[in-house]
Structures are given as structure tokens and as C-alpha cells.
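Thanks for making the time this morning. I would like to walk through one structure with you, element by element, and I will put it on the screen now.

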Amino acid sequence: MSDVNSTISIRSSELSDPMPDPAGPTEPGDLNAQLIDTDIWTDEMVQAAGIPIVDVPLVSVGGGIGSYVLANHLRIAGMPTSHMRILTNLDVPWQTYEYLTQVSQVPRKERLRSDAQSMPDNMWGFPSYAFREAWAEKKIGPIFNVCTEPIFRDYYTPKAGQVFEAMEREAARMSYFDMTVKGQVRMVRRRYGGGYFTILTPPQGQSATKRVAFRSTYVHVSVGYPGVKFLPDLQEYRSTYDDYVRVVNAYEPHEQVYEELKRRPGLVMIRGGGIVASRVLQRLIDDRDQYGLQTQILHVFRTYVTGSHGPSIFLRRKGGDGWAYQGFNWPKSCWGGHYKFKFEKLEGEARRDFYKVLDGTNTPIRKNWQEQLARGRREGWYRTYVGAVDSVVPGAEGQVVTKVKASDGSLLEVPAHFIIDCTGLESDVREHRLYADLFDHSGAQRNVLGRLAVGRNFEVEGTQSGPGTMYAAGTMTLGSYFAGVDTFLGLQYAAVRIMDDLAERGFIKKMGPVRSSTQWLKWARNKELPK
Amino acid sequence: MTPVLLGRIQTRLFVLGTVGLLWTIVITPFLLISTNDGLKLVFTIDSAPGFNPIAQTYKLTLAALLITAVFGCLFWEPVYHFLMQFRWEKDWPAFFHLLSVFPECLSTFLLLHVAVLNPFGDIGPDKEQYVPVLAYLFLFFSTWIITWLAANGPMKIFFVRWRFFGGRII
């Protein structure tokens, strides 16, 4: 796991600064050995190291969509900007998300895989993106769509650009950028006497000291993915043969593949059966149609789904042609219905087993994808293979040969000019140094899926510090009491729970129907929130 | 929506008790009833000794609202909840909610004719009274659509946690 080459950086987790010299700090205000080795810090220890201390009640680490959504909820609940600092290396909260969606073939004009009411810029989820699109473009289609989905129409999903633009508007309304502080967060440690220290490394030249300590009662950790991992066989091929051109990951820039295919006909192998595979296939076929290309597509499924599948008639997911079909990345009730309540009640093994029942790679049914693949099968330029990949080796004429082991044990050699890994395997939570430090020094624990254990209010279990509480939201908390963590709506849910928990602790007032509706009117009129 | 049973019941009672009730109160005097002089708006029908058309119609429309609320909670919501169990997502699309206007319109209409169930008691085959069909259809469908719209939108403005809480308000 320590091989940094096995992880694709997605920029949110750049580990730029080296470990401090154990002999002592070389720059003013740096971490020293005593601080690094001590789990709970006193104010004096930090002062003795010459690290300046900034006091603020709440610190959010990450500055991506998770931090944005929490800030939005708290600002609407009445929190002044001076009570929260968002420590981030991003210029805008949607930066990492936009980067990932763009390279995985969802540019701003394309649609995300997200429900109409999953709105990072609107805590109420009303009016939904469908209504706003209908309103802005003066057409009824999106409204008709949400009223009849998923029976007559595919699920409505917003365009990526619509979401980013709406977030930009709301960021200005809540004075989001007044709360951000640029830099890389190195660690969060508990403070003797309660609360936490969050150590920030500001960009070079922007601070008199190498580090700055933020002393806060509450900390919110929402740093996203540590990185995306390659399939092991593809990783082995890449490092053995030093070939980073023919074997690519869908989450890294790979435009050269599409460009090369425009220059000469080629064979492309797709690995994976999720949404990204669907998107990459659409791009390949769109290019094929638009430029009259002769691209041949070979698709390897590890598990080939032939139809509806599941353990009982009450638990059957649709599927076919290799794919498992599902509108969103979890069954819908995981965000606020039957399954959400069920997950909240389950502990330990039972919870892990239930995750297994609902888990599994899947993709939404979309009419244009169905049409494209049906055409490909009919005309013979889209072929599927089933089995486990044994190895990947160089072949003749610049090709890469994949050896696929079928269930009967036979080995099939499939040559291709390019392999696109669309599996999107996520790296271990420890790959992110901040999480590793939480496990090693702050009492954080792993949950049943090996990620960060959080409670029902998203408090990081084991990290209590006096009256202080640490919260976490986002993909690294999967495996706790809420499944849909890695989604807009999941981040909104986490924000509501954290907001309510903070209200109980007296940080803000609890939001009731009156404040909620008057604030909604202000949102609708785009009235700036008081700072 | 992704309701749980208790959420279904609470949401039904809430929307019928607020916008449903308000709409019923507002629209009742303007319903079209067939009389000996042809179709007339309720408030234009002349009163007779012991017969106040507006009061009489309110009795009927409010009874319809009450029956829809109570019978819905006791019968229809458990049925929908059961049917939902066959869905992988355990969700209840807005379209299903809209379509249920048909069975519920029928069940309420029939129940209005059961004297025992009708709290206002003047209706029944033996009383030579009947429920005016056109007015009833208009009232039921319009109320249903208004409450459906409320449940699928503005509800969330007042209750931030409602959509994450299986449709439960408390």
C-alpha cells in the first residue's frame, strides 16, 4: 500500500511537505519531535515550538463540497463567518469534483448521476434542479420528467455546469470565501483541556512560520478520496513495462486515447461495469458516430449480470447485458427511507453483511446508452468478455494482450491498443496522512468496511476531547451508519445531523420551521446572509 | 419519495389537514351541483326551511376529507407500504402517489354512502340523498393534486429533516 505509484493523485490529497527532521525544526514554527510523538497537546507545547495559534470555534478541513455544504447549513442557521475557518488547498469547493467528473467524461454540459433534489447549494432541496432548469430554459420537459420518473422516463439528473454555477452563487451569498484559509492540513490532534489543534502548512511565503495551529472546540474533517487505485494487474503492467500511454485509468487525464483513435482505427478494452464505464463507452461511441471511426470496443466484466438478481423477491435489482442497473449509487431509500433506518439500527457484522447485500458495481439505465450498446452488439463492434484477468502483457504491433481466465479455467488472450480502467478502486483510508494520523494519535477507529468509524451524528468515534467534538463526512466514512456518504444528498444529510448536534451543544440555534422557511425566502431572493 | 409507514401517515395527515382543508373550505361554496333548475354553484342555491345548501355541502366535503385521511391511514398506506417492499430501491415515485388518486377517489366515494362511516349521517340509500358526482370528482381530484404538489415540494421548506426522515415530521 505504501507504493505511491499505485495511487493516482486526484489533487485533493497531495502530500507535498516532507516529514520534519527528527533532529529539530529547520524553519521557525515547525513541528518538533515532541509534538509529533504526543497524542494530546498542551497549549504550552505548541507555543514552545513557536507555532502561532489562531482561535476559532469550528474548523473544517478539506474545503471541498463537504465543507461547503456544512458551512452553508450553519450560515443559514445563523452562524457568523468569524466562527468557522475552512482549511483547504482548493481554489473553489467544486475543484476536485469538477476535475474528476471532467476526466471521467462528464464535462459541464453533460449530466451527473445525481437526483434533482440533491443540491449542495440549497439545503431544502426545493425547488429542485429540474424545476430550475425548466424555469431558466422556459421548457416543461424536466418537470414532466421528475413527475413520471422512473416509470416512463429515466431519472432526471442535473448538468454538471448547472450545479457548479448554482454553488458559485450560493458561495457568494453566504460569504464562503471569507471563511477559507489556504494551505495543506498536516494533522489534527486533541488538546489538553478540550478541543483540538489543527496544524496547517500555509503556501510558501504566505506565513512567517512554517505551520499555523488552529485551536478550536469543533473540527469537521471532509477531505474526500485519498486517491484512486489501479487494478493490480494493470498496475503491474504499467510499472513493469513503463507504459503509461496504452493502459490508462478513467480518473486520470486520458484524452490522448480518444485523439489517437481519431487518427487510426483501434481496439479499446474497457474494464469495469459502473457509471464511469458507461460514460467512457458513450464517449467512444459518440466519437465513432460523429467522426465515422472504426473503433472496436472489448468490454471485460468480472461479474456478468444477466437479469434481475438478489437474494429474495424483496431484494431484487434489475440487470442485463452484463450490467447491474440502479438509478444512483445506492438504492434510493438509503438516503432517507427504509434502508436508512435499517442501517442506523445495525451494528458490526450485521451492518457489514447488509452493506454486502446492497453493494455491487452498478450503472443507471439511460435510453441513449441502451441504444448505443444494442447497436454495437448488433453491428459487432462492441463485444463483451467474462472472467477474471490473469495478466496483462505487451503484444505484437504495439498492442497490449489481456489474458482472461474464464470460469471453466480456460485462458483467453484478448489484444487491444488501449485499456481503460474504469473500476475506480479507492485507496485505503490510511493513504491520506491526515486519516493515518487520526488513527495513530487521536483514537479514531476503523468501521466494518475498514474506513473511518463515525456515529449517527457523524462524530468521529474515539476522538472526543472534553466538550469538543470532531465530525467527519464524505466517502471515507462509508461503512458507518449511513451508506450514501459519497453523494451530494449524503453530504447534505451529514450537514443536517452535524448542524443539529452543534445546536444541541449550544453552538448555534436549532433550526425550526419558522427559521427554515424565512431563510428559504432569503435564498429564493438571493439575499446575502449577514456576516 | 422514500417514505416509511409512519412517515406516510404523518405526511398524509399533515397535507390533508393543512392545504387539503384550506382548499376544501375555499372551494366548497363554488362547487357545481345539479338542481331542478340545472347546474348551479352551491352558494347560489336557495335555502329552504331545514335545508341550508352551503352547510349541507360543507358536511359532505369535510366528511370526504376526513374519510380520505382516516381510511387512507388505516387501509391505503399499509397497502402502498406493502407494495413498496417489492421495489429494490424501497422508494415510492411521485408518479405512484399521483396515480393513487383513482383508487382513493373511488373508496372515499363509496364510503361516503355508508351511513355508519359518515359522521354527518344524512347520506345513504335510505335517505334519498346522494353525493353529486361531478362536484365530488372535481373536489377530490383538485384536492389530491394540491396536496400532492405540497408533499413533493413546499413541505421541504418548512421541515428540513423531513426528506431524510422517511416522511416523518415527528
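If you find A:Val393, its bridge partner is A:Val401, which sits in strand 19 of chain A. I should say at once that what we are looking at is a predicted model, and every value I quote is computed from it. That bridge belongs to the pairing between strand 18 and strand 19 of chain A, the latter covering residues 400-405, and the two strands run antiparallel over 6 bridges. Stepping back a little, the open sheet here consists of 3 strands of chain A in the order 18-19-20, with antiparallel pairing. Its edges are strand 18, residues 388-394, and strand 20, residues 411-416, each of which pairs on one side only, and from one strand to the next the twist averages 25°.

Staying with chain A, let me turn to another pair of strands. Strand 13, residues 267-271, and strand 14 of chain A are paired in the parallel sense, over 5 bridges, and within strand 14 it is A:Ile297 that serves as the bridge partner of A:Val268. Is strand 14 of chain A, residues 296-301, enclosed or open? Of its 6 residues, 5 are buried, so strand 14 is largely enclosed by the rest of the structure.

Now to chain B, and to its helices. Helix 1, residues 5-27, packs against helix 5, residues 133-151, at an angle of about 135°, and their axes are 9 Å apart. Since angles over 145 degrees would count as roughly antiparallel and those from 65 to 115 as roughly perpendicular, helix 1 and helix 5 of chain B are therefore oblique to each other. The crossing of helix 1 past helix 5 in chain B is right-handed. On the helix 1 side, the residues involved include B:Val15, B:Val19 and B:Trp23, while helix 5 contributes, among others, B:Leu139, B:Ile146 and B:Ala150. By class, this contact between helix 1 and helix 5 of chain B has 9 nonpolar residues, 6 polar and no charged.

Helix 5 of chain B also meets helix 4, residues 101-112, where the axes come within 11 Å and cross at roughly 135°. These two helices, 4 and 5 of chain B, are therefore oblique to each other, and helix 4 passes helix 5 in a right-handed crossing. The contact brings B:Val101, B:Cys105, B:Thr108 and B:Phe109 of helix 4 up against B:Tyr136, B:Phe140, B:Phe141 and B:Trp144 of helix 5, and it divides into 7 nonpolar residues, 1 polar and no charged.

Let me go back to helix 1 of chain B for a single residue, B:Leu5, which has its place there. B:Leu5 is partly exposed, with 18 other C-beta atoms within 10 Å. Setting aside neighbours within four places in sequence, B:Leu5 is in contact with B:Glu77, B:Pro78 and B:His81.

Finally, how do the two chains meet? Their contact takes 32 residues from chain A and 24 residues from chain B. On the chain B side, helix 3, residues 94-99, and helix 6, residues 155-158, each supply at least two residues, and the largest share, 3 residues, comes from helix 6. The side of chain B that touches chain A divides into 14 nonpolar, 4 polar and 6 charged residues.

Technical notes: Residues are numbered from 1 along each chain as its sequence is written. Chains are lettered from A and ligands numbered from 1 in the order in which they are written. This is a predicted model: local features need pLDDT of at least 70, side-chain atom pairs count only at pLDDT 80 or more; totals for chains, interfaces and linings use all residues. Two strands pair if DSSP finds at least two bridges between them. Axes are lines fitted to C-alpha atoms, for helices over the stretch in contact, and angles run from 0 to 180 degrees between N-to-C directions. Angles under 35 degrees count as roughly parallel, over 145 as roughly antiparallel, 65 to 115 as roughly perpendicular and the rest as oblique. A crossing is left-handed if the near helix is turned anticlockwise from the far one by less than a right angle, and right-handed if clockwise. Two residues are in contact if their C-beta atoms, placed from the backbone, lie within 7 Å. Ala, Val, Leu, Ile, Met, Phe, Trp, Tyr, Cys and Pro count as nonpolar, Asp, Glu, Lys and Arg as charged, and the others, Gly among them, as polar. A residue is buried if 20 or more other C-beta atoms lie within 10 Å of its own, exposed if 12 or fewer, and partly exposed in between; C-beta atoms are placed from the backbone.
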